[in-house]
Amino acid sequence: MNEALTIDGLTVDFGGFKAVDGFTTVVQKGELRVILGPNGAGKTTLMDLVSGKTASTQGSVHLFGENITNRPEHIIARHGIGRKFQIPSVFRDLTVRQNLEVAASGEPGVFRNLRLHMVAEDRARVEDVIAMTRLEPVLDTVAGELSHGQMQWLELGMLITQQAKVILLDEPTAGMTHAETFRTAEIINEMKGSHTILVVEHDMAFVRKIAERITVMQMGKLLAEGPMEKIETDPKVREAYLGSGGIH
Ligand SMILES: Nc1ncnc2c1ncn2[C@@H]1O[C@H](COP(=O)(O)OP(=O)(O)OP(=O)(O)O)[C@@H](O)[C@H]1O
């Protein structure tokens with residue numbers, strides 16, 4: 001099964017206003033999909049519908065063929081939709097390594113002698129994630145003392161450690177310095193192929209560094225979909241961004 005996330009005719013009607021309106025797309029396994037769109041286009045609401053934070057009024061969402069439409073948020077999370085910021089996943093009083101070990105064990109609350117109980121496979125995954133997220137220098141730092149960027153990478157690392165099947169990232173570089181944004185692009189580029197990721201992002205410099213296939217939303221609907229070159233020259237997209245400074 002190569003279709004990781006299948007969104008079909010998804011709609012939410014807020015008392016007559018459809019923030020997401022008949023939206024359809026298919027995200028393949030291992031794909032990195034960027035969702036663009038002017039302010040109020042419905043990008044965050046789409047993430048809310050997929051993750052179960054908001055219930056849809058029409059349409060469906062399937063995760064690797066399984067119908068997850070309007071299931072409770074924690075059940076959708078258990079099925080493998082990992083959303084950053086959705087559930088506070090970082091324990092501020094634990095070190096970076098301990099946080100990753102908790103994520104690997106899948107049993108928050110079991111902190112003592114955690115490493116002894118970890119199976120080899122989980123331990124290997126934690127090591128992979130440490131390398132991927134560049135968290136090696138701060139492994140023994142308690143999470144509460146991390147910089148903003150490091151905290152974001154730890155949260156991302158925990159989603160990977162938990163083996164989320166599809167990772168949803170809403171503006172992952174918000175509040176980051178230029179250097180942190182650059183590093184985040186590197187991390188996401190390394191995740192390509194082995195993880196399925198949906199990213200909502202406004203920072204076009206960042207999007208250009210990571211983009212493969214792009215979906216543009218406007219007024220809750222799908223406006224355009226394709227590679228960056230095609231999207232940037234699409235007259236419909238240019239028109240949608242008129243007045244907001246354009247895609248740049
Ligand atoms: N619970 C709600 N009830 C009514 N309207 C809502 C609700 N949630 C979102 N909206 C409206 O739906 C529209 C889409 O909002 P959304 O936050 O999804 O857009 P967005 O594309 O993420 O925008 P931005 O890029 O500014 O974050 C907005 O007009 C918003 O005011």
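Which residue in strand 10 does Gln-218 stand opposite? In this model, which is predicted, local features need pLDDT of at least 70 and side-chain atom pairs count only at pLDDT 80 or more, while totals for chains, interfaces and linings use all residues. Residues are numbered from 1 along each chain as its sequence is written.

**View 1. The six-stranded sheet is open and mixed in its pairing.** The strands, which like the helices are DSSP runs numbered from the N terminus (E, at least two residues, for strands; H or I, at least four, for helices), follow the order 6-7-8-3-9-10, and two strands count as paired if DSSP finds at least two bridges between them. Strand 6 (81-83) and strand 10 (221-227) stand at the edges with a single partner strand each, so one side of each is left without a neighbour in the sheet. Neighbouring strands of this sheet are turned by 20 degrees against each other on average, direction ignored.

**View 2. Strand 9 (residues 213-218) pairs with strand 10 in the antiparallel sense.** Six bridges join the two strands, and within strand 10 it is Lys-221 that stands opposite Gln-218.

**View 3. Helix 1 (residues 43-51) packs on the six-stranded sheet.** The helix touches strand 3 (32-36), strand 6, strand 7 (166-170), strand 8 (196-200) and strand 9, where contact requires C-beta atoms, placed from the backbone, to lie within 7 Å. Its direction makes about 150 degrees with that of strand 7; axes are lines fitted to C-alpha atoms, for helices over the stretch in contact, and angles run from 0 to 180 degrees between N-to-C directions. Helix 1 also lies across strand 1 (3-14), strand 2 and strand 4, running at about 65 degrees to strand 2.

**View 4. Residues from Phe-14 to Thr-45 are found around the ligand.** The shell, counted by C-beta atoms within 6 Å of the molecule, consists of Phe-14, Phe-17, Ala-19, Gly-37, Asn-39, Gly-40, Ala-41, Gly-42, Lys-43, Thr-44 and Thr-45. Strand 2 (17-28) and helix 1 are the elements that give two or more residues to the shell, and helix 1 gives the most, with three.

**View 5. The four-stranded sheet is open, with antiparallel pairing.** Its order is 2-1-4-5, and its edge strands, strand 2 and strand 5 (66-67), each pair on one side only. Strand 4 (residues 58-63) is joined to strand 5 by two bridges, and His-62 stands opposite Asn-67 in strand 5. Ser-60, which is found in strand 4, has 15 C-beta neighbours inside 10 Å and therefore counts as partly exposed; the class lies between buried (20 or more other C-beta atoms within 10 Å) and exposed (12 or fewer). Leaving aside neighbours within four places in sequence, Ser-60 is in contact with Asp-8, Asn-67 and Thr-69.

**View 6. The largest nonpolar core has 58 residues.** Such a core is a set of buried Ala, Val, Leu, Ile, Met, Phe, Trp, Tyr and Cys residues joined through C-beta atoms within 7 Å. Val-34, Ile-35, Val-50, Val-166, Leu-168 and Ile-210 have the most contacts inside this core, and its largest share, six residues, comes from helix 6 (residues 148-161). Not counting residues up to four places away in sequence, Val-50 touches Ile-7, Val-61, Ile-81 and Leu-168.

Note on methods: Contact = placed C-beta atoms within 7 Å.
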